[in-house]
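User: Please take a close look at how the strands are arranged in this model. I would then like to see how the helix packing and the empty space are described alongside that arrangement.

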Amino acid sequence: MSNKDTNTTLQTPCGFFRLSAIALAILPVYSANADDFSYPVLRPSQSDFGGVGLMQMPTARMNPTGEFNAGATYNNEYHHYNASLQLFPWFEATIRYTIVQDLLYSSNPDFSGDTKYTDKGIDFKIRLWEESYWMPEVAVGIRDFGGTGLFDGEFIAANKQIGPVDVTLGVAWGYMGNSGNVTNPLCDLADRFCEREIRGQWGTANFDNFFSGPMSIYGGLEYQSPWEPLRFKLEYDTNDYKSDFPVTHGGIEMPQDSKFNYGALYRLGNWGDLRLSYERGNTWTFGFNLYTNFNDLKSGWQDEPVPNYTPRSHSQPDTNELSNAEWQVLADELHTIAGYKNPTIHYTDTSVTVSADQNKYRDRNEAHERAATVLANRGPDVTEYRLIETNNRQAITETRIDADKFSQVANIEYIGANVTDSSSVSTPNEPEGRLVAEPSKRWDVSLSPTLQQSIGGSENFYMFNIGINAGANYWFTDNIELGGSVYFNIYDNYDKFLYDVPPDGTDLKRVRTLVRQYISDNPVRLDNLQLTWMDKLGDNWYSQAYGGYLEMMFGGVGGEVLYRPLGANWAIGMDVNYVVQRDPDSAFGFFTEEDQFDPITNRPYRVQTGAMTGHVTGYYQPQWDWLPNTLFKVSAGQYLTEDIGVTVDFSKQFDSGITAGAFATFTDLSSDEYGEGSYTKGFYISIPFDVMTVKPSTNRATISWLPLTRDGGQMLNRKYQLFGVTDARYPWYSRRAVE
């Protein structure tokens with residue numbers, strides 16, 4: 001579409017003046033009644049596309065930081081499914097899937113069957129400045145970044161609240177500005193701003209399109225009624241719907257009988273909204289949203305009470321010796337009360353050293369205070385308590401607690417007493433003294449539910465499997481472990497995943513797109529069976545080596561080295577692996593021939609019969625005020641299908657400990673070689689168990705969204721990653737919740 005030859009004067013539609021008149025008319029009405037009663041607070045609400053807005057058009061408003069909103073919108077042409085998250089006070093991100101009604105995913109039934117066309121998009125909005133007495137709130141945003149171009153566009157919006165009315169005025173390009181009611185002034189700067197290209201490959205971002213093509217001025221009002229649950233919306237819609245996908249590809253008419261859209265929203269307490277709107281003068285649209293705030297979620301525990309501080313030396317001053325039974329009682333209480341799992345205890349005349357994993361308390365101060373109280377109450381009279389926190393039997397940190405100073409803290413002998421006054425954290429040293437207690441067993445078992453899913457694929461919109469992982473491990477020494485897990489599939493719909501080489505001719509080795517054969521065709525399978533050696537090479541150096549069946553699809557050998565200084569907000573590591581793809585038709589076998597043939601789909605394909613894969617990875621938790629509680633992880637190396645590139649992973653942690661992240665992998669594969677999607681990408685939310693349950697825990701559950709399952713840019717799913725193992729050195733996964 002071109003905007004170069006349009007008239008340079010403002011094409012002011014009469015509807016725009018009508019909208020402005022309505023806004024001015026409401027102001028005196030509000031002023032006359034402002035003293036009679038107070039209106040409820042006007043909170044931000046979601047648009048049809050997801051993200052804070054009116055109906056079709058976005059606004060400059062932002063939700064409170066940490067607000068997570070999941071919603072759906074339905075009309076005759078589109079079904080929108082979206083999730084929006086306010087990552088920072090100034091930044092909103094939205095993921096959206098749109099199912100286009102009455103149109104198929106592709107014209108090739110062998111490729112996508114009867115799956116409806118699905119568009120995937122990501123939206124961003126950045127606040128430029130907040131509203132003040134004189135100035136409006138202003139934001140700039142991009143809709144459908146990296147999408148196929150069905151809804152792509154850019155906008156700059158300004159909002160000013162006048163009593164119970166929030167007034168929006170904005171300028172839009174692309175999908176939102178197709179009516180072109182004003183001339184794009186950027187067209188005078190460069191020809192590229194005059195026309196807007198149509199994208200056809202999802203996953204690519206055409207930066208030359210930004211702020212190009214037709215431009216329009218739009219506006220709207222949102223009115224909070226005196227009845228708190230109810231509000232009304234009115235907008236001037238500057239899309240003309242002549243370039244919508246159903247019109248251009250399906251011959252479906254989408255007439256616009258009116259440029260005004262009218263909507264009502266009913267709030268369901270503090271957890272949801274219902275939306276109803278009449279748009280284009282002929283279309284009813286219904287939607288709903290569910291929301292929560294990741295900062296505000298609090299844990300409600302039924303925990304072991306903190307024992308009163310009653311030192312044993314006060315009640316038994318004549319003895320400093322404990323029997324074996326008494327040492328075992330001490331070990332049991334360290335486990336149940338302080339969260340130090342199956343501790344190993346050493347004793348000298350001056351100190352007691354406890355070595356154990358911490359599996360209950362993300363707040364290390366809570367764990368230290370509980371452990372010191374138990375040691376004082378049950379242990380001998382010593383001058384120092386040493387708490388060596390381990391993970392996988394590897395010493396990660398050491399906390400030394402002065403017994404006399406802790407006594408002052410426990411008895412609150414001064415204002416602001418805190419366990420940190422008596423403790424110091426350092427690089428761990430070897431335990432000293434006599435071994436008085438140790439775990440009675442060297443093995444462990446586990447049972448955990450699993451969910452694997454992908455959304456928006458050609459075969460089916462939502463593909464998933466749920467099952468149970470049963471695991472067991474045995475430590476021959478503190479450095480050598482034999483472990484494994486068996487997966488029991490409960491239900492899946494991956495029988496529909498009949499991936500074929502896409503119409504663009506992509507022909508990579510099938511390192512991930514054979515997922516149906518591994519999941520649906522194998523309801524019980526050996527996921528992992530490996531021998532692992534793990535050790536600390538120096539004060540800040542950790543290492544591991546492993547071999548066996550490393551994951552569901554691959555086996556082989558490998559190793560990792562990590563350098564992570566204590567208390568540092570950065571780390572760097574490297575892993576190297578040689579892997580072969582497992583044969584899904586054999587419980588323990590591997591592929592020996594690269595060329596294979598699928599009798600179900602009657603198609604040939606290639607597999608990985610042996611390759612090196614590995615990455616150098618840097619980790620950084622910035623200390624910038626504008627990016628609080630964030631982690632950057634950048635990995636560079638070779639992937640499973642032997643492509644070479646970089647994976648960038650960015651995550652944000654909220655006060656509750658919930659973490660939201662996104663990753664993208666860019667390799668030397670071209671978009672055509674990779675296929676639909678252009679590059680590997682995904683999103684995830686990691687939730688601490690203690691937010692969902694009534695017991696404290698350092699464990700987490702992770703929910704991932706993968707737009708597509710493809711073969712390029714795929715990493716080996718290793719059982720252990722040393723950054724997670726050494727987390728206590730500068731906590732991220734086990735960072736304490738902020739009250």
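Analyst:
**Strands, a helix pair and empty space**

Six strands form an open sheet in the order β17-β16-β15-β14-β13-β18, and their pairing is mixed, where two strands pair if DSSP finds at least two bridges between them. Its edge strands, each paired on one side only, are β17 (423-426) and β18 (434-437), and strands here, like helices, are DSSP runs numbered from the N terminus (E, at least two residues, for strands; H or I, at least four, for helices). With direction ignored, neighbouring strands of this sheet are turned by 25 degrees against each other on average.

The model is predicted, and so local features need pLDDT of at least 70 and side-chain atom pairs count only at pLDDT 80 or more, while totals for chains, interfaces and linings use all residues. Residues are numbered from 1 along each chain as its sequence is written, and side-chain values use heavy atoms, with hydrogens and water left out.

Within the open sheet, strand β15 (residues 384-391) runs antiparallel to strand β16 (residues 394-402), and 8 bridges join them; Asn-391 stands opposite Gln-394 in β16.

A second arrangement is a closed barrel of 12 strands, which runs from β1 through β12 in sequence order with antiparallel pairing. From one strand to the next the twist averages 20 degrees. One of its pairs is strand β8 (residues 215-224) with strand β9 (residues 230-236), antiparallel and joined by 6 bridges, and Glu-235 in β9 is the bridge partner of Gly-220.

Among the helices, the axes of α5 (residues 324-336) and α6 (residues 364-378) come within 10 Å and cross at roughly 160 degrees, the axes being lines fitted to C-alpha atoms over the stretch in contact, with angles from 0 to 180 degrees between N-to-C directions. That crossing makes α5 roughly antiparallel to α6, a term that applies to angles over 145 degrees.

As for empty space, the second largest pocket has a volume of about 1200 Å³. Of its 47 lining residues, the closest to its centre are Ala-93, Ile-95, Ile-122, Ala-662 and Phe-683. A pocket is an open set of points on a 1 Å grid over the protein atoms alone, with protein on both sides within 12 Å along at least five of seven lines; a cavity is a set where a 1.4 Å probe fits but cannot get out; lining residues have an atom within 4 Å of a point. Grid points are joined across faces, edges and corners, and a volume is the space filled by probe spheres set on them.

β2 gives the most to the lining of this pocket, 7 residues. By class, that lining has 38 nonpolar, 8 polar and 1 charged residues, with Ala, Val, Leu, Ile, Met, Phe, Trp, Tyr, Cys and Pro counted as nonpolar, Asp, Glu, Lys and Arg as charged, and the others, Gly among them, as polar.

The count of cavities of 30 Å³ or more comes to 12, and the largest cavity has a volume of about 110 Å³. It is lined by 13 residues, of which Gly-50, Pro-58, Glu-92, Asp-123 and Phe-155 are the closest to its centre. The elements that give two or more residues to this lining are β3, β4 and β5 (137-145), and the largest share, 3 residues, comes from β4. By class, the lining of the largest cavity divides into 5 nonpolar, 4 polar and 4 charged residues.

Note on methods
Parallel < 35°, antiparallel > 145°, perpendicular 65-115°, else oblique.
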